Amino acid sequence: MTGKSDNPILSMISRMISPFIMIYALYVIFHGHYSPGGGFQGGTMLGAAVILSRLASGSELSRLLLGKGIGTLMGAIGVFIYFGTGFLAMLLGGRFLEYKYLARIMPVSDAMARNWGIQFVEVGVGLAVMGIMVALYDDILTGEPDA
Amino acid sequence: MKIINYFILIAFCGLLIYVSLDLPNRADLDAVINRETSPAGTPNAAVFYTRHSYEDAHTPNIVTVILADYRGYDTMGETTVIFTAGLICMMLLRKRRKP
Amino acid sequence: MLRFLTGHYGYWFTLILLTIGLYGMIFKRNLVKKLIGMTIFQVSIIMFYLTCAAKFGGTVPVLIDDSGPAAVNPAAYINALPHTLMLTAIVVGVATTGVAFAIVITIYKRYKTLDEDVLLERMKKDHDAPAD
Amino acid sequence: MTHLLTNSPVLPVLILLSSALLGTVIAWRRPSLSWPFTISVVAVVTAISGYNLVRVLREGPIHYYQGNWAPPIGIEYVLDHLSAFVMLVVNTVALLVLFHARVVVKAETPGKELGYYGTALLMLCGFNGIIITGDLFNLYVFLEIGSLSLYGLIAVGERKAPIAAFRYLVMGTLAGCFYLLGIGFLYMKTGSLNMADTAAILPSMLGQPAVLVGLMFVFLGMGIKMALFPLHGWLPDAYTYAPSASSALIAPIGTKVGAYVLLRLVYFVFGITIIARTLPVAKVICWLAAAGIIYGSILAIAQRELKRMLAYSSIAQIGYVALGIGMANRWALTGAILHIMNHAFMKGCLFLTAANFRRKLGHSDISRFDWSIRKKMPWTMAAFSISALSMIGLPPMAGFFSKLFLAMGAVNGKHWIFLVVILFSSLLNAVYFFRVLEKAYLKPAGDAEAADGACARDEAVPSMLIPTLIMALLLIILGLLSTVIADGILAHIAPPGL
């Protein structure tokens, strides 16, 4: 499939579907507390949405959705969010990854502080998984005639 | 050389059969991993998670609580594994920028 | 005897998958087929952990009634720990397969083959050439 | 600040992890900054692991709970004499090798510094995480981080490196899966993932098949990781075809961590009774190690290329460590741990000299060595000679003392065959090292230009030479200090029942 896919139906449908996949992926990430789901599953779905648009409408067009070189950087930011939450808890006086101490800077009880800590961590993981999935796809594809 | 490979495969199979005979039944409730306290008297981790996860983190999904809070360090290590894979693929495959 | 069979058939399926994976890794000459065997091996270990987690009459480990720790009946929920561990093992499997495919691509770019025997010959031919 | 230092056990891993992330982002903007950043980070981590060792000597073993959850519930970091000592050794060797790596990485893998230093930092993060963890599954996660980085560091090399890296990847992943299967069986029987907890539960279910097969699989997995004799297929190609900086980084540290994990699991989790009596694992380790020593030494003699010779000698030397683990008495255990340190420095120094040769002479073929090398590169040859003599085991150098402890362990345990193996293999070591020394010092140079002995001194760049000489010097200092180390640090390591 060269550049813009010659099949208008495919590119049209993929352009319509990938936003909804992303919204559902965000739901899976943020709803991980109450139903099966969480950072990894949501991040993979986000990555899948971006790769769907890469496949259907070619890398040039899809660069608007997510740049070529940004994947690894986003992975680094995701892991840094995870590490930062744990380190922040350590700076506030607890052990590493002890979210109870986040309650010192948030107006919530200890248990809810852990709830929020888990939430930040899940977002970090989701970001990391999405970034690296897309980065792997782009790297494996370097040098090939654009898919 | 082929013989050694076949021997390895058969030995591996035999070991696994030998183990599966001794493992507890698949879903019985009084197996060692489902009891309240382990044979050495220490609390059993899995049952502790089921009981205390809502009290500790107000999160009904027990797997998420274990994943991010009780054993959160594992998950950070695992996110690092993903980042390592991304970094290595970038290093191996990406064309060198022209200095 | 029936109790023994119903209790252990899960392990034997995992055993068959493990053997197929190991067979693929040892006997197959093509590099990609070795990777397929490796992935089967990893996934079957995940299956093994999940067969350990089952409980008779247990449901998904999401708490229904959020009453105190004493009121929760652990027998009602399946064992959540192996499931958490296997999330990690799945991701490790994906990362290893990703790196493996990156390496296979660099091999293919340099030697234009994926068959191990042809690869060894070309490596030897390289060896006689001036030192790399 | 003092509060941060109470968290000192976890700081090395965290700093390495965060600096790998930060380093990737920083070097994205200015690639020239990646090497100084990496060196400063590893220097800070080495200082902290030194502080950790002092803290352990002062306060005894430290148990650090992640997220403040007690062991069977949460993950526990155990900083005792063994882990603090091995961490300091690994970080020091990594610091010296990375200091040397600047020129070599720029020459052999141009344009890839960004990923290279990030992966090296992640490898160190993985290995530090393995050494200090007290949780079985957490060890698997950091084992994968360390191994993935190793595959990447090897695969970035020249023509044949990806093939060696692929073979190592398949065997390494197989080893990781065996280890995971082993702890799966253990978890099914004991219901706990914490090492100390499992050690407390196991005696109540000693002879049951699942525990024994779990031990077998864990031993098989770690045997591949540490390249024990029949499972070493991946090592010669991996060390030879990897870029010089990577093989100098992997050879001293890679297999030692596998040996450390085997030692930690066999003595502190399964305990002496299982490995000595119910299942003769100790005997199997001893015999495989002895076979490995002889096999590695003989094949090292037959090698034409210096790095391949060093790779086979690595298989022999890891056999010494396994022999020390297998003989299961205090002397042999001290000898094994001391040999982990000595071999890390010796192999590091040898691979750095091989990198210097490759950098300056363009090759490291033993058959093409002649005495022009002594004139061209006197200091590198001096470092090579010191580390070669230490490998053989001559008194002032460190190698002698670890072999001494191993020999006394063999005498103490009445393993006469292994005593013969240790002494005979020292002879074999002498053969394949003197072969190189003799060529470098006595063989008259063929071509005329060097005949009159006036060839100019073409020594390696100072930034490559200084770490090599520091390592050679350390070998002598550590040799003299080895009794202090043995009594001061290693005497406190008391596995239950030994």
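I started at the end of a helix in chain D, where H9(D) is followed by Ala227(D), a residue whose phi is positive, near 55 degrees. I keep in mind throughout that this is a predicted model.

Staying with that helix, I checked its length against its geometry: helix H9 of chain D covers residues 209-225, and at 1.5 Å a residue its 17 residues should span 24 Å, which agrees with the 24 Å that I find between its end C-alpha atoms. I then looked up its surroundings and noted that 15 of the 17 residues of H9(D) are buried, so the helix is largely enclosed by the rest of the structure.

**Chain A**

I turned next to chain A, whose secondary structure comes to 4 helices and 0 strands, giving the pattern α-α-α-α when read along the sequence. Taken along the principal axes, the C-alpha atoms of chain A fill a box of roughly 60 × 30 × 20 Å. Of its 147 residues, I noted that 47% are buried. Looking at contacts in chain A between residues at least 6 apart in sequence, I found that 64% join residues at least 24 apart.

**Chain C**

For chain C I also recorded 4 helices and 0 strands, and from the N terminus on its elements run α-α-α-α. The radius of gyration of chain C is 22 Å, well over the 14 Å that the globule rule gives for 132 residues, so I describe this chain as more spread out than a compact globule. Along its principal axes, the C-alpha trace of chain C spans about 75 × 40 × 20 Å. I noted that buried residues make up 41% of the 132 residues in chain C, and that, among its contacts between residues at least 6 apart in sequence, 51% join residues at least 24 apart.

Within this chain I looked up one residue by itself, Lys109(C), which has its place in helix H3 of chain C, residues 80-111. With 11 other C-beta atoms within 10 Å, Lys109(C) is exposed, because a count of 12 or fewer is the cut-off for that class. I also took its distance to Leu87(C), and these two residues, 22 apart in sequence, lie 33 Å apart in space, C-alpha to C-alpha.

**Where chain B touches chain C**

I then went to the contact between chains B and C, in which 43 residues of chain B meet 44 residues of chain C. On the chain B side, helix H1 (2-22), helix H2 (45-57), helix H3 (62-70) and helix H4 (72-93) each supply at least two residues, and the largest share, 11 residues, comes from H4(B). Sorting the residues of that side by type, I counted 27 nonpolar, 9 polar and 7 charged.

**The largest nonpolar core**

Which residues touch the most other members of the largest nonpolar core? I found that, of its 307 residues, these are Val99(C), Ile103(C), Ile154(D), Phe345(D) and Leu475(D). The largest share of this core, 21 residues, comes from helix H7 of chain D, residues 161-190.

I followed Ile103(C) further and, leaving aside residues up to four places away in sequence, noted that Ile103(C) touches Leu92(B) as well as Tyr151(D), Ala155(D), Pro162(D), Ala165(D), Phe166(D) and Leu169(D). As background to this entry, I recall that in soluble globular proteins nonpolar side chains tend to be buried together.

Technical notes. Residues numbered from 1 in each chain as written. Chains lettered and ligands numbered in written order. Predicted model: local features only at pLDDT ≥ 70, side-chain atom pairs only at ≥ 80, totals over all residues. Expected span 1.5 Å × (residues − 1). Buried ≥ 20, exposed ≤ 12 C-beta atoms within 10 Å, placed from the backbone. Rg over C-alpha atoms; globule rule 2.2 N^0.38 Å. Contact = placed C-beta atoms within 7 Å. Core = buried A, V, L, I, M, F, W, Y, C linked by C-beta atoms within 7 Å. Nonpolar A, V, L, I, M, F, W, Y, C, P; charged D, E, K, R; others polar.
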